[in-house]
Structure formats: C-alpha cells, structure tokens
Amino acid sequence: MPSKGHDANQAEKLGVKIEELTKSSKEWNGQDLPQYPRGIPEIKVLRIEIPAGVKLPRHTHPVINAAVILKGSLELKLMDGTRRIFQAGEALIEVVDTVHSGRALDNEDVDLIVFYAGIQGTPTTIFVKKP
C-alpha cells in the first residue's frame, strides 16, 4: 500500500516536521469560499512588505488566496466595519470578491507571503475607487 504524501507518522520517522497553519472552506470573515473557476489553473506566490502605518487602498481579490504573516501586525477591514488583526506566525484565508482594506499596525513593517489560486489571465487584486 503506498504511503500518503503528508502522513504525519511516516514523516515523523524521517524527522520531518509538518505544521498545518490553516485549513478551511471559509474566508476570514466566516463566508464560504467560492467554487474554483474553470480555466487553466495558475498559482502565484508573492512576498509582500507593507511599511509600518501604511493603509492599503480599498481592493478586492477575484481569486482564492491565503497568506502567512511573517512579521508585524496586519489589520484587515471590510466596508461594513468588520475587522480582524493578524499577527506574525498566523495564517489567514482572504476574502474573495469582497471590498476591503489593510493596514500595517504599530511601528513595524508587515512582511507576508500570499498564495493565489486562480486561472490564467485573472488579476489577483483589483483596486476599487471610493464611492
């Protein structure tokens, strides 16, 4: 019988450490993730640094994405006022097709890695003009 790719028992025998950072079918705001779109899959991984105190403009993500905060504190805020703060070491599943903004809190830059799972030709972020 073939071994499973992430079988913790087999990995531990080899000295491999596996830590699940997040697993969910929900976005950070509790909404269900959308279905994956049809098309040629495209994965994009970005390392993003947001300077301390900088507020990102309103934007949306048309594709499913998740992030890991490497350094700093990141506040994410929806237009209805819902907000969450993510600290270094935390992972999050971002909202899809929902207008929101982000802000690097305190006096420390935010450093994060974001994993986007979309299809070829679809942008990862769309900036939204204020109404």
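Trainee: How many aromatic pairs does a search of the whole structure find?

Mentor: One aromatic pair turns up in this predicted model.

Trainee: What makes Trp28 and Phe86 a pair, and why is the pair called edge-to-face?

Mentor: Check the distance, then the angle. Ring centres have to lie within 6.5 Å, and those of Trp28 and Phe86 are 6.3 Å apart, so they pair. Planes over 60 degrees apart count as edge-to-face; these two stand at 80°, so that's the label they get.

Trainee: Which parts does the pair tie together?

Mentor: Trp28 sits in the loop between helix H1 and strand S1, while Phe86 belongs to strand S5, so the pair links parts 58 residues apart in sequence. Both Trp28 and Phe86 are buried, by the way.

Trainee: Val16 is in the loop between H1 and S1 too. Why is Val16 called partly exposed?

Mentor: Buried means under 20% relative accessible area and exposed means over 50%. Val16 comes in at 40%, so it falls in between and counts as partly exposed.

Trainee: Which residues make the nonpolar surface patch with Val16?

Mentor: Leu14 and Ile18 join Val16 there, and the patch covers about 310 Å².

Trainee: What makes strand S7 mostly covered?

Mentor: Just look at its residues: four of the five are buried.

Trainee: And how do you know that S4 and S7 pair?

Mentor: Pairing takes at least two bridges. S4 and S7 have five, so they pair, and they do it in the antiparallel sense. Want a spot to look at? Find Leu78, which stands opposite His100 in S7.

Terms used
Residues numbered from 1 in each chain as written. Predicted model: local features only at pLDDT ≥ 70, side-chain atom pairs only at ≥ 80, totals over all residues. Heavy atoms only, no water. Phe/Tyr/Trp six-rings, centres within 6.5 Å; stacked < 30°, edge-to-face > 60°. Helix = DSSP H or I, 4+ residues; strand = E, 2+ residues; numbered from the N terminus. Buried < 20%, exposed > 50% of the residue type's maximum accessible area, 1.4 Å probe, protein only. Patch = residues over 30% accessible without salt bridge, like charges linked within 9 Å, V, L, I, M, F, W, Y side chains within 5 Å. Areas by Shrake-Rupley, 256 points an atom, 1.4 Å probe, with all protein chains shown as cover. Salt bridge = Lys/Arg side-chain N within 4 Å of Asp/Glu carboxyl O.
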